[in-house]
Amino acid sequence: YEASLSKNTVAPAKTALWPELNAELGAAVDAVTNMHATPKEAMDHVVERLQPKLDQQTERYEARKRLGL
């Protein structure tokens, strides 16, 4: 409990994509750790896979917001 009160505590992102993002980031860390990719290559791969999904989710959120939902 006390750790959750720390000023350094960060909550997971409030997005339906969080589980997928978390898995992709974990895979990126593994790829870098095992020297299969540079940090830039690994993150470029994460962005390539998830940016379209994040864009779609953002568009849906904005559309709902415009409709007052």
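**Notebook: Glu24 and the salt bridges**

I started with Glu24, which counts as buried because its relative accessibility is 12%, and the cut-off for buried is under 20%. A reminder to myself: this is a predicted model.

Next I looked up where Glu24 sits, and found it in helix α1, residues 18–33. Then I checked its neighbours. Leaving out residues up to four places away in sequence, Glu24 touches His45, Val46, Arg49 and Leu50.

How many salt bridges does a search of the whole structure find? It finds three, so I went through them one by one.

Entry one is Arg49 with Glu24. Their side chains meet in a salt bridge, 2.7 Å from N to O. This pair links distant parts of the chain, since Arg49 is in helix α2 and Glu24 in helix α1, 25 residues apart. Glu24 is the buried partner at 12%, while Arg49 is partly exposed at 41%.

Entry two is Lys53 with Glu20. I get 2.5 Å between their closest N and O atoms. Lys53 lies in helix α2 (residues 39–66) and Glu20 in helix α1, so this pair ties together parts that are 33 residues apart in sequence. I noted both as partly exposed: Lys53 at 33% and Glu20 at 25%.

Entry three is Lys40 with Asp44, a salt bridge with the closest N and O atoms 2.9 Å apart. Both residues lie in helix α2, four residues apart, or about one turn of the helix. Buried or exposed: which is Lys40? I wrote down exposed, because its relative accessibility is 57% and exposed means over 50%. Asp44, at 40%, counts as partly exposed.

How values were computed: Residues are numbered from 1 along each chain as its sequence is written. This is a predicted model: local features need pLDDT of at least 70, side-chain atom pairs count only at pLDDT 80 or more; totals for chains, interfaces and linings use all residues. Side-chain values use heavy atoms; hydrogens and water are left out. Helices (H or I, at least four residues) and strands (E, at least two) are DSSP runs, numbered from the N terminus. Buried means under 20% relative accessible area, exposed over 50%, partly exposed in between (1.4 Å probe, protein chains only). Contact means heavy atoms within 4.5 Å. A salt bridge is a side-chain nitrogen of Lys or Arg within 4 Å of a carboxyl oxygen of Asp or Glu.
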